[in-house]
Amino acid sequence: MLNSTLAGLTGGGVYALLGLCVVLTYRLVATVNFAMAAVGAIGAFVMVSLTDEGVSLWLALPAGVLAGAGLSALLGTVLVRWFAGHSQNTKAAVTVAVYVAVMAAGLRLFGSTTTGAHTFPSPFEHPMFTLGGVVIPQSVPVTIAFAALITVGVGLLLGRTRLGLRLQALSEQPATAEVVGIPVARLAVAVWAAIGAVTTLVVVLAAPRLGGDFSTLGKLINTALAVAMLGAFRSLPLTLIGGLVLGCLEGLSASVEAIQKYQGVVPFLVIVVLLWWRSRNEVWDTAHSR
């Protein structure tokens with residue numbers, strides 16, 4: 001059981017990274033982006049399609065990242081230009097519509113689960129060390145280090161730099177920020193592009209372990225949202241820890257034969273439990289405030 005839990009760290013780092021992307025999008029541009037993983041999957045498949053044609057990985061990877069960043073920036077431009085004054089619910093609904101469209105286009109272009117699986121390059125899948133009888137591949141420390149770097153780096157950026165102050169103004173008071181001369185629209189689109197680029201990199205890291213088909217990679221948004229909820233859509237450190245915990249829970253469920261086939265339900269259970277717990281607290285607070 002311990003071995004299976006440790007093996008779950010392989011996915012935990014990826015889940016933490018995806019959750020961080022969700023949280024950052026919500027914190028900086030006040031949008032829950034349901035299309036995030038699907039957009040990243042488009043960039044990843046642009047990359048693998050190029051490598052399948054014989055293009056060097058070191059040329060194909062930047063092309064894929066640019067594709068993911070460009071598509072994400074396009075979505076951000078649409079939201080900034082036509083939905084800037086709308087509620088968060090409306091913006092989230094737009095990203096759901098984009099998710100459906102991108103998934104349909106991706107399945108059409110790159111094939112389904114049975115016909116479109118690609119072999120993604122896996123430079124970090126070589127064994128690095130053994131812990132408790134479990135062989136830990138290089139991808140585990142790489143993804144965890146990447147997630148920790150984003151957590152610490154964004155914290156320092158927001159708290160100690162001029163750009164960070166502008167980003168905070170963008171997220172908290174966009175109308176006021178525009179009045180004082182901050183280029184709100186360009187800054188928001190830049191945030192969308194950066195999130196798209198990072199998401200593409202994360203999907204590329206996850207693809208070798210998950211099988212390399214577009215449908216599976218695009219649906220990673222379910223796990224990303226569960227991790228973001230563990231961080232309350234605000235805390236980067238809690239989101240990082242939540243991703244690792246969710247990965248370990250997934251690994252643990254794989255070791256119990258009775259629930260093994262329900263392993264994919266873990267993110268949904270996390271979401272349901274968190275929603276119930278928070279609504280319970282709200283009801284409790286309301287009852288005691290009377």
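**Note on the predicted model: overall make-up and two helix pairs**

1. Of the 290 residues in the protein chain, 43% are buried. The coordinates come from a predicted model, and the remarks below should be read with that in mind.

2. In secondary structure the protein chain comprises 13 helices and two strands. Among contacts in the protein chain with a separation of 6 or more, 74% are accounted for by residues that stand 24 or more positions apart. The protein chain exposes about 14,400 Å², and carbon and sulfur atoms supply 67% of that area.

3. Two helix pairs are taken up next, and a word on their description may help: two packed helices are described by the angle between their axes together with the distance between the axes.

4. The first pair to consider consists of helix α2 (residues 9-29) and helix α6 (residues 139-160), which pack at an angle of about 20° with their axes 7 Å apart. Because angles under 35 degrees count as roughly parallel, that angle makes α2 roughly parallel to α6. The crossing of these two helices, α2 and α6, is left-handed. On the α2 side the contact is made by Leu9, Thr10, Gly13, Val14, Ala16, Leu17, Leu20, Leu24, Arg27 and Leu28, while α6 contributes Ser139, Val140, Thr143, Ile144, Phe146, Ala147, Ile150, Thr151, Val154 and Leu158. Sorted by class, the residues of the contact of α2 with α6 are 14 nonpolar, five polar and one charged.

5. Helix α3 (residues 36-52) and helix α5 (residues 88-110) also form a packed pair, with an angle of about 20° and axes 9 Å apart; α3 and α5 are therefore roughly parallel to each other. Here α3 passes α5 in a left-handed crossing. The residues that meet are Ala38, Val39, Ile42, Phe45, Val46 and Ser49 in α3 and Tyr99, Val102, Met103, Gly106 and Phe110 in α5. The contact of α3 with α5 divides into nine nonpolar and two polar residues, with no charged residues.

6. A single position in helix α6 deserves a separate remark, namely Ala148, which lies in that helix. With a relative accessible area of 30%, Ala148 is partly exposed, since buried would require under 20% and exposed over 50%. Although Ala148 and Ile241 are 93 residues apart along the chain, their C-alpha atoms are separated by 9.8 Å.

How values were computed: Residues numbered from 1 in each chain as written. Predicted model: local features only at pLDDT ≥ 70, side-chain atom pairs only at ≥ 80, totals over all residues. Heavy atoms only, no water. Helix = DSSP H or I, 4+ residues; strand = E, 2+ residues; numbered from the N terminus. Buried < 20%, exposed > 50% of the residue type's maximum accessible area, 1.4 Å probe, protein only. Contact = heavy atoms within 4.5 Å. Areas by Shrake-Rupley, 256 points an atom, 1.4 Å probe, with all protein chains shown as cover. Axes fitted to C-alpha atoms, helices over the stretch in contact; angles between N-to-C directions. Parallel < 35°, antiparallel > 145°, perpendicular 65-115°, else oblique. Left-handed = near helix turned anticlockwise from the far one by under 90°. Nonpolar A, V, L, I, M, F, W, Y, C, P; charged D, E, K, R; others polar.
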